[in-house]
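Here are my notes on this structure, set out point by point. Please read them with the model open.

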Amino acid sequence: PPLEFQEGDMVYVQLDVGFPHEMCFGHWCYVVRDLRDKILVVPSTSVKDEYPCKYEMDINVTLDGRKMKSRLNFSETRVIDKMRIDCRKSKMKAECSLVFIKYKLKEFIGG
């Protein structure tokens, strides 16, 4: 069965194999916009010790009751087919508002 999610949730997505400087394989992605059969997502990675660059943003998230940090990578924003969502994994809740993420994404795009 498809995973129930809404804009502002994070879902695990198979991004597949890409080019050398693109994120690929499985990553948690922040759902920015539901486009019926597709979704606009911002892929994320785990947070290392270094600070995020100007194209990234760290957010607090909760997965199965565990709190952790995740790093959104705005330069990897893309539209994907909903069939790429791995329904075997539960969704992750971001503790950052959708309005703020959209504001930061718009700032990144230059609008």
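1. Overall size. The radius of gyration is taken here over C-alpha atoms, and the globule rule is 2.2 Å times the number of residues to the power 0.38. With 111 residues, that rule puts a compact globule near 13 Å, and the protein has 13 Å, so the two agree. Keep in mind that this is a predicted model. The C-alpha trace spans about 35 × 30 × 30 Å along its principal axes.

2. Element order. The protein has seven strands and one helix. Reading from the N terminus, the order is β-β-β-β-β-β-β-α. Contacts reach far along the chain. Of those between residues at least 6 apart in sequence, 62% join residues at least 24 apart.

3. Surface and charge. Of the 111 residues, 35% count as buried. The exposed area is about 7200 Å², and carbon and sulfur atoms supply 55% of it. How many positive and negative side chains are there, and how far apart do the centres of the two sets lie? There are 19 positive and 17 negative side chains, with the two centres 2 Å apart.

4. The β2-β3 hairpin. Strand β2 covers residues 26-35 and strand β3 covers residues 38-46. The two pair in the antiparallel sense over six bridges. One pair to inspect is R33 with its bridge partner L40 in β3. Two residues lie between the strands of this hairpin, and R36 takes a positive phi near 70 degrees.

5. Other partners of β3. Strand β6 (residues 78-81) pairs with β3 in the antiparallel sense, over four bridges. Here I39 stands opposite I80 in β6. Strand β5 (residues 66-73) also runs antiparallel to β3, and three bridges join them. In this pairing, T45 stands opposite R71 in β5.

6. S44 within β3. Is S44, a residue of strand β3, buried or exposed? The cut-off for buried is under 20% relative accessible area. S44 has 2%, so S44 is buried. Leaving aside residues up to four places away in sequence, S44 touches M10, M23, H27, W28, S70, R71 and L72. R71 therefore appears twice in these notes: R71 touches S44, and R71 stands opposite T45.

7. The β4-β5 hairpin. β4 and β5 run antiparallel and are joined by eight bridges. I59 stands opposite S70 in β5. S70 is also among the residues that S44 touches. Two residues lie between β4 and β5 in this hairpin. D64, in the turn, has a positive phi of about 50 degrees.

8. Positive phi in two aspartates. D64 lies in the loop between β4 (56-63) and β5. Phi of D64 is near 50 degrees, a positive value in a residue other than glycine. D64 is exposed, at 63% relative accessible area. D16 is found in the loop between β1 (9-14) and β2. D16 is not a glycine either, yet has a positive phi of about 70 degrees. With a relative accessible area of 46%, D16 is partly exposed. I would look at the backbone of both residues.

9. M92 in β7. Strand β7 spans residues 92-94 and includes M92. M92 counts as buried, at 2% relative accessibility. Which residues does M92 touch, not counting residues up to four places away in sequence? The list is D9, M10, W28, V61, T62 and L63. M10 and W28 are also among the contacts of S44. M92 and M10 are 82 residues apart along the chain, but their C-alpha atoms are separated by 4.8 Å.

10. F100 in the helix. Helix α1 covers residues 98-109, and F100 is found in it. F100 is partly exposed, with a relative accessible area of 37%. F100 and G26 are 74 residues apart in sequence. In space, their C-alpha atoms are 25 Å apart.

Key
Residues numbered from 1 in each chain as written. Predicted model: local features only at pLDDT ≥ 70, side-chain atom pairs only at ≥ 80, totals over all residues. Heavy atoms only, no water. Buried < 20%, exposed > 50% of the residue type's maximum accessible area, 1.4 Å probe, protein only. Contact = heavy atoms within 4.5 Å. Areas by Shrake-Rupley, 256 points an atom, 1.4 Å probe, with all protein chains shown as cover. Lys, Arg positive; Asp, Glu negative; His and termini not counted. Charge placed at Lys NZ, Arg CZ, Asp CG, Glu CD. Pairing = 2+ DSSP bridges.
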